[in-house]
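Visitor: I have a structure open here and would like to talk it through. Could you walk me around?

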Amino acid sequence: MTVKPGWQGRFFEDFEIDDVYRHPLGRTVTETDNTWFTLLTMNTNEAHFNAEVGAASEFGKPLVVSTLTIAIAIGQSVIDTTQNAFANLGLDKLTLTHPVYAGNTLWSESIVLGKRESGSRPHAGIVTVKTRTLNQHGDEVLSFVRTFYVHRRGHGTSTFPEAKKPFTVLDSERS
């Protein structure tokens, strides 16, 4: 048997300026997501969890709390940008440009703005990307610039445990 590595994420050497990564997973935001995140983060603005307050607002319904939208966007980008990062250095130029409601599906994409070697950490480099998030209609709902430290190839860590006994497959399990 041969163990085939899955997607390992990008390392410093893999980033090229102006490359665009369309992050593969869309995420539909639910009412439950919005209510739980709002209450978990102790946000007491009822526009996010009270249907009557939302209906009376200029939006006509509750808004998804912006910090949840930001968290989803950052999370969507990890698979392509920071899977091998070990520190965020900055989140800049954050703009929220379109309201998000329960039932909206969000998609994110990032463009590489810059990269440079680290002067203090030879095992890493610094990368800057701009990420934007779109709803299902193609409306941009937010954008931000993020800078992070990312490992060079061969310097990341794996915590996958070694099995104490070999993988076994029965003939009846094969198709």
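**Helix 3 and its surroundings**

Guide: Happy to. Keep in mind that this is a predicted model. A good place to start is helix 3, whose buried residues pack against strand 2 (27-28), helix 1 (31-40), strand 3 (85-96), strand 4 (105-117), strand 5 (124-134) and strand 6 (140-151).

Visitor: Which residues of helix 3 are buried?

Guide: Here, buried means under 20% relative accessible area. In helix 3, that picks out Leu68, Thr69, Ile70, Ile72, Ala73, Gln76 and Ser77.

Visitor: What distance does helix 3 reach from its first C-alpha to its last?

Guide: Helix 3 covers residues 66-78, which is 13 residues. At 1.5 Å a residue you'd expect 18 Å, and the model comes close to that. The reach is 19 Å.

Visitor: In what order do the elements of the protein run from the N terminus on?

Guide: There are three helices and six strands to place. Going from the N terminus, the order is β-β-α-α-α-β-β-β-β.

Visitor: Is the protein compact or more spread out than a compact globule?

Guide: For 175 residues, the globule rule gives 16 Å. The radius of gyration is 20 Å, well over that, so the protein is more spread out than a compact globule.

Visitor: How many positive and negative side chains does the protein have, and how far apart do the centres of the two sets lie?

Guide: Count the two sets and you get 17 positive and 19 negative side chains. As for the centres of those sets, they lie apart by 8 Å.

Technical notes:
Residues numbered from 1 in each chain as written. Predicted model: local features only at pLDDT ≥ 70, side-chain atom pairs only at ≥ 80, totals over all residues. Heavy atoms only, no water. Helix = DSSP H or I, 4+ residues; strand = E, 2+ residues; numbered from the N terminus. Expected span 1.5 Å × (residues − 1). Buried < 20%, exposed > 50% of the residue type's maximum accessible area, 1.4 Å probe, protein only. Contact = heavy atoms within 4.5 Å. Rg over C-alpha atoms; globule rule 2.2 N^0.38 Å. Lys, Arg positive; Asp, Glu negative; His and termini not counted. Charge placed at Lys NZ, Arg CZ, Asp CG, Glu CD.
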